[in-house]
Amino acid sequence: MIEELFQIERDAYKDSPIHRLDARVKIVLAFAAIIALVAVPYSPMIYSVGAVFFLFFCVLWGLTRLSPVVYAKRLLAIVPLWGIIIFFQIFLKNRYYTTYDVVMSLPFGINIYAQSIEFAFILLVKFVVCISFIILLSSTTKMHDMLEGGARMGLPAEFALALGMMIRYLFVFGYMFRKMNETLKTKCFDPFDRHLPYRYRLRQLGYTIGTMFIRSYEQGERVYTSMLCRGYGRESYLFVTRKPLKHAEWAFLALTLAFIIAIPVAVWMTAFRIF
Amino acid sequence: MHLIETRDLSYVYPGNVTALDHVNFIAPRNARIAVIGSNGAGKSTLFKHFNGIFRATSGSVLVRGEPVTKENQREIRKFVGIVFQNPDDQIFSPTVEQDVAFGPTNLGLDAAIIEHRVHEALRIVGIEHLASRVPHHLSGGEKKRVAIAGVIAMEPEVLVLDEPTAGLDPRGVADLSAFINSLSSKYGMTVIFSTHDVALVPEVADFIYVMDHGHIVATGTTQEIFVQPDMLRSVRLDVPVLPRLLKSLRDHGVDISMAYTYTGAEESLLRAFGKQS
């Protein structure tokens, strides 16, 4: 997981037209796509909107010059979270349908409904496309650029400062975790080594995690002291310089926003169906 | 009036651990002061009293003749800048520029002045090119410079550096010594630093305090301190290599004058070998 964090950062530092876009443009684009998809009613119309949005995402991903494998890996990494939620929908009734046809009956009175399967597919489309835009944003925008973008768009100063510190220490603890891992390896400790007693492995892992907690606590104390030394107080905020968007960025933003708004409206008005 | 003065300063940590015991310390204007001592001698604890992070258990701390109070601590933290040993404790913003700007923003300055101060501080420590970098992509020496720039941006008159050479390579140490000297000579700042590296002390300090177990055990100039090898060994320190070598040569009958810095020792040796009058 920690190595994933470093990999995301390495990807964000690559160069492409999408990487070079101001973070604000990418944040607005991602949120606009998510809002547009969420706003589409729970009906089969989402398949058409989702397909067009996914094509749009694919074009943007192509411009990033990142491998599709990178995208697929990140999408799959989130499967345990959303996959289970979607899967369980097929057993449940929801408020979007009035009648339910049983497709299969299982023991203990559990049924799979045709309408619930359709609902699960709709959810799947919404999830996949929304997460794809989040992956696009996180893979092409440096974390501090995202924070600066947020701050320039009015993110409250308290959040910006706290998030800034979180980003900074995420990497400090990432490196700390890496070093501790290397130390364990040099001492020939492998938590998955079945030759070692299970309780011993568990205890050592407990010590390691405990040490991380203690070190993070101590680090917090030292950081707070150094913040006080530099005049930290209630009015402290993260310093972000002014940076106007370029004409090309305005144009790109306007076009993409128009596209994102126009597609669901057009599909709804024309009742256009891909599937 | 001294810039910083402690009078019989004592500090006891929770658990009844005495960290400082009747410490008397003076920092005049435009001075370069080294505080040397082994680990746990109380150097860092003493430094944290200089800007009101720690409050004396007994005795007093005077900054510009005034005791540190809750009312003046903001002014005092602007006046006395402290650079801690580990830069990761001090660099907490996502980019170098934002971190250096942290102090000036807390002083309530406007954006244009903050920007000017940030660029000036980065220029002074020679890392203008790192402004947009993220701290975890920097080397140890670069991080140390960022930490120093973050404090310099507040334009303090006294700069306190806790173990500034810890973790630096030889080139980094040489650059840092030149930098400390320039702060005093070019900007008229008072620099107080702690170190175990006794070889560095003659190059960058006019005055030395030797600490051991919370006490000041000796004070004096380089010449006065480094002629006391027994005292230094008793506090787990030693005389730097160059004066030790010259002293040994003198003890073996070589007609050579004592020196403490590299330049001084070079001159002494050249004179002794008849290469310089």
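**Strand pairing, helix packing and the interface between chains A and B**

In this predicted model, B:V35 has B:Y209 of strand 9 of chain B as its bridge partner. This pair belongs to the parallel pairing of strand 3 (residues 32-36) of chain B with strand 9 (residues 207-212) of chain B, which are joined by four bridges. Strand 9 of chain B has another pairing as well, with strand 10 (residues 215-220) of chain B; here the two strands run antiparallel and five bridges join them. Within that pairing, B:V210 is matched with B:A218 in strand 10 of chain B. Strands 9 and 10 of chain B form a hairpin with two residues between the strands, and B:H213 takes a positive phi near 50° in this hairpin.

Chain B also contains an open sheet of four strands, arranged in the order 2-1-4-5 with antiparallel pairing. Its edges are strand 2 (17-27) and strand 5 (66-67) of chain B, each of which pairs on one side only. At one of these edges, strand 5 of chain B is joined by two bridges to strand 4 (residues 58-63) of chain B, in the antiparallel sense. B:V63 and B:E66 are bridge partners there, with B:E66 lying in strand 5 of chain B. In general, side chains in a regular strand alternate between the two faces of the sheet.

Strand 1 (4-13) of chain B is connected to strand 2 of chain B by a loop that contains B:N16. Is B:N16 buried or exposed? With 6 C-beta neighbours inside 10 Å, B:N16 counts as exposed. Between B:N16 and B:V239 there are 33 Å from C-alpha to C-alpha, at a sequence separation of 223 residues.

Turning to the helices of chain B, helix 5 (residues 111-124) offers a neat check on geometry. At 1.5 Å a residue, the 14 residues of helix 5 of chain B should span 20 Å, and the end C-alpha atoms are indeed 20 Å apart, in agreement with that expectation. The buried residues of helix 5 of chain B are B:I114, B:R117, B:V118, B:A121 and B:L122. Because these residues cover an arc of only 130° around the axis, they fall on the same side of helix 5 of chain B. The cover over them includes helix 4 (96-106) and helix 6 (140-152) of chain B. On the face turned away from the buried side, helix 5 of chain B carries the exposed residues B:A112, B:I113 and B:R123. After helix 5 of chain B comes B:G126, which has a positive phi near 75°.

Some of these helices reappear where the two chains meet. At this interface, 29 residues of chain B are in contact with 27 residues of chain A. On the chain B side, the elements giving two or more residues are helix 2 (73-79), helix 3 (87-90), helix 4, helix 5 and helix 6 of chain B. Helix 4 of chain B gives the most, with six residues. Helices 4 and 6 of chain B thus feature twice in this description: both help to cover the buried residues of helix 5 of chain B, and both contribute to the side that touches chain A.

Chain A itself has eleven helices and two strands, which follow the pattern α-α-α-α-α-α-β-β-α-α-α-α-α along the sequence. The radius of gyration of chain A is 24 Å, well over the 19 Å that the globule rule gives for 275 residues, so chain A is more spread out than a compact globule. Along the principal axes, the C-alpha atoms of chain A fill a box of roughly 60 × 60 × 40 Å. Buried residues account for 25% of the 275 residues in chain A. Among contacts in chain A with a separation of 6 or more, 80% are made by residues 24 or more positions apart. The chain is divided into domain 1 (2-141 + 244-270) and domain 2 (155-229) of chain A, and the C-alpha centres of these domains lie 33 Å apart.

The two strands of chain A pair with each other. Strand 1 (residues 102-106) and strand 2 (residues 110-113) of chain A are antiparallel, with four bridges between them. A:S105 stands opposite A:N111, a residue of strand 2 of chain A. The two strands form a hairpin with three residues between them, and A:F108 in the turn has a positive phi of about 60°.

Key: Residues numbered from 1 in each chain as written. Chains lettered and ligands numbered in written order. Predicted model: local features only at pLDDT ≥ 70, side-chain atom pairs only at ≥ 80, totals over all residues. Pairing = 2+ DSSP bridges. Expected span 1.5 Å × (residues − 1). Buried ≥ 20, exposed ≤ 12 C-beta atoms within 10 Å, placed from the backbone. Arc of directions from axis to C-beta. Contact = placed C-beta atoms within 7 Å. Rg over C-alpha atoms; globule rule 2.2 N^0.38 Å. Domains from an automatic or database assignment.
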